[in-house]
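Here are a few short exercises to work through with the model open. Try each task before you read its solution.

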Amino acid sequence: MSIRSVTVTMLLSLAATACGTGKAPKWQVLFDGSSLKDWRGYKTDAVPQGWKVENGTLAKDTPVADIVSRDEFGDFELELDWKIGDAGNSGIFYRGTEEYDHIYWSAPEYQILDDIKASDNKTRLNCAGAAYALYPSPPGHLKPVGEWNTTRIVAKGAHVEHWLNGVKLLEYELWSPDWEAKVKASKFVDYPNFGRAKRGHLALQGDHTGALAFRNIRIRELR
């Protein structure tokens, strides 16, 4: 290859990067509808009894122990669909560690809820899409019980976004003065490492009553 050809190739590569046309990070499928190979129990290698693969979904009908991703993630974009039963309550945890008795003592939570009938619906801080107990979600974007909702979580450095059905519900900055004040005023003040990890496990909460199902779980790491 001539010097001129090498120079042209380099310039085209730089131009593609500058215009944002470089290759996007690849999606990693965490549940393909048939296998739980990417999941395990909290502090155990086994998947807790009660979680099942059913009609292409990851589902449970009764209270079960939480499941966590085998891999850990730092900066990421997560997408998944979920469907919850009457009065149901669950959550998606991210950047969780296994240093405490429960993952919610270390990991921020994207709340999953039946906003109409669940007992946790008294404040928007606990309703669907909220950063549980810290940042409220606006009403009006949740589909009725029995229908599929699509969640997207973006975490890059300190910046976190919660999306529901194509709408950005909220965004916040971990470790900011505002976040620190909210944690200090919450039950998480008792856990000094809450929300501190820059990399950790995902987890799906199962310890509440009622039916719950997930599908199309995928993630990609951001650069």
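**Exercise 1.** Sort the lining of the largest cavity by class: how many residues are nonpolar, polar and charged?

*Solution.* Bear in mind that this is a predicted model. Start by listing the lining: Y94, A107, P108, E109, A131, Y132, L134, Y172, F188 and F194. Next, sort them, counting Ala, Leu, Phe, Tyr and Pro as nonpolar and Glu as charged. You end up with nine nonpolar residues, no polar ones and one charged. The charged one is E109, because Glu goes in that class.

**Exercise 2.** Find out how many cavities of 30 Å³ or more the structure holds, and what volume the largest has.

*Solution.* Rolling a probe the size of a water molecule over the atoms shows where empty space is left. Here that turns up one cavity of 30 Å³ or more. As for volume, the largest cavity comes to about 40 Å³.

**Exercise 3.** Decide which residues have pLDDT under 50 along a whole stretch.

*Solution.* Begin with the whole protein chain: its pLDDT averages 92, and 90% of the residues score at least 70. Then go to residues 1-21, where pLDDT stays under 50. For this stretch the model has four contacts beyond four places in sequence. Where pLDDT is low, don't read the predicted coordinates in detail.

**Exercise 4.** Describe the overall build of the protein chain: what secondary structure does it have, and what share of its residues is buried?

*Solution.* First, count elements: two helices and 13 strands. Then check burial: 46% of the 223 residues are buried. Finally, look at contacts with a separation of 6 or more: 64% of them join residues 24 or more positions apart.

Key
Residues numbered from 1 in each chain as written. Predicted model: local features only at pLDDT ≥ 70, side-chain atom pairs only at ≥ 80, totals over all residues. Heavy atoms only, no water. 1 Å grid on protein atoms, 1.4 Å probe; cavity = no way out; pocket = protein on both sides within 12 Å on 5 of 7 lines; lining within 4 Å. Points joined across faces, edges and corners; volume = space filled by probe spheres on them. pLDDT = per-residue confidence, 0-100. Contact = heavy atoms within 4.5 Å. Helix = DSSP H or I, 4+ residues; strand = E, 2+ residues; numbered from the N terminus. Buried < 20%, exposed > 50% of the residue type's maximum accessible area, 1.4 Å probe, protein only.
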